[in-house]
Amino acid sequence: IPGMSTARTRPPSVQLVYFLAAFCLLNWAANCSELRVRVRLTNGQVTEEILEADSEKDFISLEFKEGDGTLITFIADFKQNVKLFRALILGELERGQNQYQALCFLTRLLPNEIIPSESMAKLRQKNPQAVRIAEEQRGVEPLTMDVAVNFSKASQLSAHIHNVCAEAQEAIYTREVDVKYWLDRGADGSMFEILPKASDFPGLQSCQASEDFWRPCTCQYSLRLEWYPCLLKFCRSRDNSGKVSPYKCGIKSCRKGYQFDYYVPQKQLCFWDGET
């Protein structure tokens, strides 16, 4: 792709960097690579995404800061077919909020959602200063996260959960449809807890509509991956005998949003969705 190189610079999340650096030290023979891409956010601000790929461990990570300082981490674990989203959301201390709140969302990784780790590890850029905008807009996917995940048992879903979700031990969520998929493949059902539904609480409101900070409500958190390599591009070549064969000649970039809805026992655990 026009403009891609692999300079190693320290990512914003120290914990993630130690985790990925450990993989790179063990696989120093070019299994690990890093790509830094300048991306324009929806509000017009420019941020820097840090993309890591390990072809041997077969995963890709993407990390960036949103305009308000929230740190977003995304991991695609191809070995376990798991997508992991983490948000470190900054609070307002003067309003009695914690310094930050951490959330983790887990879903099944479907085929062809993102390019393979091996292809990602080979990406380079010629112009690191270019500000990139995704070629394809994939809209917003609404996700009802109706199951809580026990952190101490979650590593069997993906080894990355233990490292990335350590700050979100009480706030790791997934969906019943994904739980069924993992249970069919031998996951321990005791790590999952079905969350209360609206039918269990007559009058359950969204946190945005609720005025009582101590009542249960339905929280909503949205994030957007502004730029990620979603598809490989293929070109065709013809040899001396006239035979035509395809070869990889670049990537297609995508932008996609995710809207997570889930139950919380108190509105104060969803302060970003309750501003008045």
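**Exercise 1.** Work out in which sense β12 and strand β13 pair, and over how many bridges.

*Solution.* Step 1: locate the strands, which are DSSP runs (E, at least two residues), numbered from the N terminus. Strand β13 covers residues 244-264, and β12 covers 217-238. Step 2: apply the pairing rule, by which two strands pair if DSSP finds at least two bridges between them. β12 and β13 are joined by 19 bridges and pair in the antiparallel sense. Step 3: pick a position to check; F234 stands opposite K248 in β13.

The model is predicted: local features need pLDDT of at least 70, side-chain atom pairs count only at pLDDT 80 or more, and totals for chains, interfaces and linings use all residues. Residues are numbered from 1 along each chain as its sequence is written, and side-chain values use heavy atoms, with hydrogens and water left out.

**Exercise 2.** Place β12 and β13 in their sheet and name the edge strands.

*Solution.* Step 1: the strand order is β8-β13-β12, in an open sheet of three strands with mixed pairing. Step 2: β8 (136-144) and β12 are the edge strands, since each pairs on one side only. Step 3: from one strand to the next, the twist averages 20 degrees.

**Exercise 3.** Trace the bridge partners of F105 and explain why β6 is largely enclosed.

*Solution.* Step 1: strand β5 (residues 82-90) runs antiparallel to β6, with nine bridges; F85 has F105 as its bridge partner. Step 2: strand β10 (residues 172-174) pairs with β6 in the parallel sense over two bridges, and there Y173 is the partner of F105. Step 3: seven of the nine residues of β6 (residues 100-108) are buried (under 20% relative accessible area, 1.4 Å probe, protein chains only), so β6 is largely enclosed by the rest of the structure.

Definitions and conventions. Buried < 20%, exposed > 50% of the residue type's maximum accessible area, 1.4 Å probe, protein only. Helix = DSSP H or I, 4+ residues; strand = E, 2+ residues; numbered from the N terminus. Axes fitted to C-alpha atoms, helices over the stretch in contact; angles between N-to-C directions.
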